[in-house]
Amino acid sequence: MTTYRDRAERAERGDRRERAERVSMRRTAPSPSVLRTVSTRERRSHLSAPRVPTVGIDIGGTKVMAGVVDADGGILEQVRTETPEKSKSPRVVEDTITELVLDLSDRHDVHAVGIGAAGWVDADRSRVLFAPHLAWRDEPLKDALTARLAVPVMVDNDANTAAWGEWRFGAGRGEDHLLMITLGTGIGGAILEEGRVKRGKYGVAGEFGHMQVVPGGHRCPCGNRGCWEQYSSGNALVREARELAVAESPVAYGITDRVDGRVADITGPLITELARGGDAMCTELLQDIGQWLGVGLANLAAALDPSCFVIGGGVSAADELLIDPARDAFRRHLTGRGYRPEARIAKAQLGPEAGMVGAADLARLVARRFRRANRRRLERYERYERAADNLRRAVGQ
């Protein structure tokens, strides 16, 4: 005699056969030709990712920038605000991020949020271990924001997200071994090989800005002296200009007059503007920053031998005023110069938005996993409903 349990089991076996047939058809179906032209990593990660808008957040020492980014790297809308003071609690920074995301969510269908944080992020990409320019110490940023935003959240180092953005959509496209250098308040760095961000065992690889280049040199917020970012960064550029202005150096008269004697108003963008206008001191300061940049790049080439350096961050807006001196210094200090191929040095094409675009693109993978989990739950529900319907029909016969 056939029982209700037997009928339900037969219905379930029929569902399993149907799923197996669908899987077999997918495996034997020919792949689209476009897939053969990209790496395995990119094919697995992005051509199968949902083409949905996501929000990218770039958190630096001075600003928080947020934008809605589409699947092609296009920025649909962008907002920004100043980074809260370091004396305030991490909760204040989280409040700022939440406000920006909610503001964008009022006008866009946001599926996930990616955070590019100026600090060391653990290997699980969930906690900010240390941020030299922010009050984050072992901060569970991913969990805190996920609870408040109710969408999937991805957290990574801001240089990693910038490198990813340039590799996917900018100056690093097609490169198999890429190093990203971001010149902002400090110096960030990232390593990309074969479509993978190299984060290291503990998640903190690529902190090139804290290589010691001048023993006993300028004190760095990280606690050490002589770090590379103390000689080739936005902070270094502004510090040198302000010191000359305070000393009432004759070469600083132009910039001092421009700010009406208010030395605190001297900024990196102002220095770049004056250098483009022919100011001798500002041009020389950018050359100094560029030369230190080239020295650091030569050291990195000796250790990692990349095919390409991409230079991004706010200071890179100086263009050839910065990049040309860097290339010259790189060639002078490169180990084995004249007998080895030279890595290409290129300015980031995405500009200051590289970290934001990269964070949004990485978040799209989180959105894919989130959507897959929801789909699996829906499939289970539908399977149970079909089994129940089959059972009801069997009972009614």
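1. Phe 309 and Phe 330 are both buried in this predicted model. Their ring centres lie 5.8 Å apart and their planes meet at 75 degrees, so the pair is edge-to-face. The cut-off behind that label is a plane angle over 60 degrees. The contact links distant parts of the chain. Phe 309 sits in strand β12 (residues 308-312), Phe 330 in helix α10 (residues 320-333), and 21 residues separate the two.

2. Both rings also belong to a wider cluster. The largest nonpolar core holds 41 residues, and Phe 309 and Phe 330 are among those with the most contacts inside it. The others on that list are Ile 181, Ile 255, Leu 293, Leu 297 and Ile 311. Two or more residues come from each of β9, β10, α6 (234-246), α8 (268-276), α9 (280-304), β12 and α10. Helix α9 gives the largest share of this core, with 10 residues. As a general point, nonpolar side chains in soluble globular proteins tend to be buried together.

3. How many aromatic pairs does the structure hold? The count is three. One of them joins Trp 164 and Trp 167, and this pair is tilted. The centres are 5.1 Å apart, with 50 degrees between the planes. At 50 degrees, the planes fall between the limits of 30 degrees for stacked and 60 for edge-to-face, and therefore the pair counts as tilted.

4. Why are the two Trp residues about one helical turn apart? Both lie in helix α5 (residues 158-169), and they are separated by about one turn because they are three residues apart there. Are they buried or exposed? Trp 164 has a relative accessible area of 2%, so it is buried. Trp 167 also counts as buried, at 9%. The limit for buried is under 20%.

5. Next, the strands at residues 54-82. Strand β2 (residues 63-69) is mostly covered, with six of its seven residues buried. On one side of the pairing list is strand β1 (residues 54-59), which runs antiparallel to β2 over six bridges. Asp 58 has Met 65 of β2 as its bridge partner.

6. Strand β2 also pairs with strand β3 (residues 75-82), again in the antiparallel sense, through seven bridges. Here Gly 67 is bridged to Gln 78 of β3. Five residues lie between β2 and β3 in this hairpin. Gly 73, in the turn, has a positive phi of about 85 degrees.

7. Now the empty space. The structure holds two cavities of 30 Å³ or more. The largest has about 40 Å³ of space. Its lining consists of His 177, Leu 178, Leu 179, Ile 191, Leu 192, Glu 193, Leu 304 and Pro 306. Strands β9 (177-183) and β10 (187-193) each supply at least two of these residues. By class, the lining has six nonpolar residues, one polar and one charged. Both β9 and β10 also contribute two or more residues to the core of point 2.

8. The second largest cavity has a volume of about 30 Å³. Which residues line the second largest cavity? They are Gly 119, Trp 120, Val 121, Asn 157, Asn 160, Gly 203, Val 204, Ala 205 and Glu 207. This lining divides into four nonpolar, four polar and one charged.

Note on methods. Residues are numbered from 1 along each chain as its sequence is written. This is a predicted model: local features need pLDDT of at least 70, side-chain atom pairs count only at pLDDT 80 or more; totals for chains, interfaces and linings use all residues. Side-chain values use heavy atoms; hydrogens and water are left out. Rings of Phe, Tyr and Trp (its six-membered ring) pair if their centres lie within 6.5 Å; planes under 30 degrees apart count as stacked, over 60 as edge-to-face and the rest as tilted. Helices (H or I, at least four residues) and strands (E, at least two) are DSSP runs, numbered from the N terminus. Buried means under 20% relative accessible area, exposed over 50%, partly exposed in between (1.4 Å probe, protein chains only). Two strands pair if DSSP finds at least two bridges between them. On a 1 Å grid over the protein atoms alone, a cavity is a set of points where a 1.4 Å probe fits but cannot get out, and a pocket is an open set with protein on both sides within 12 Å along at least five of seven lines; lining residues have an atom within 4 Å of a point. Grid points are joined across faces, edges and corners, and a volume is the space filled by probe spheres set on the points. Ala, Val, Leu, Ile, Met, Phe, Trp, Tyr, Cys and Pro count as nonpolar, Asp, Glu, Lys and Arg as charged, and the others, Gly among them, as polar. A nonpolar core is a set of buried Ala, Val, Leu, Ile, Met, Phe, Trp, Tyr and Cys residues joined through side-chain atoms within 4.5 Å.
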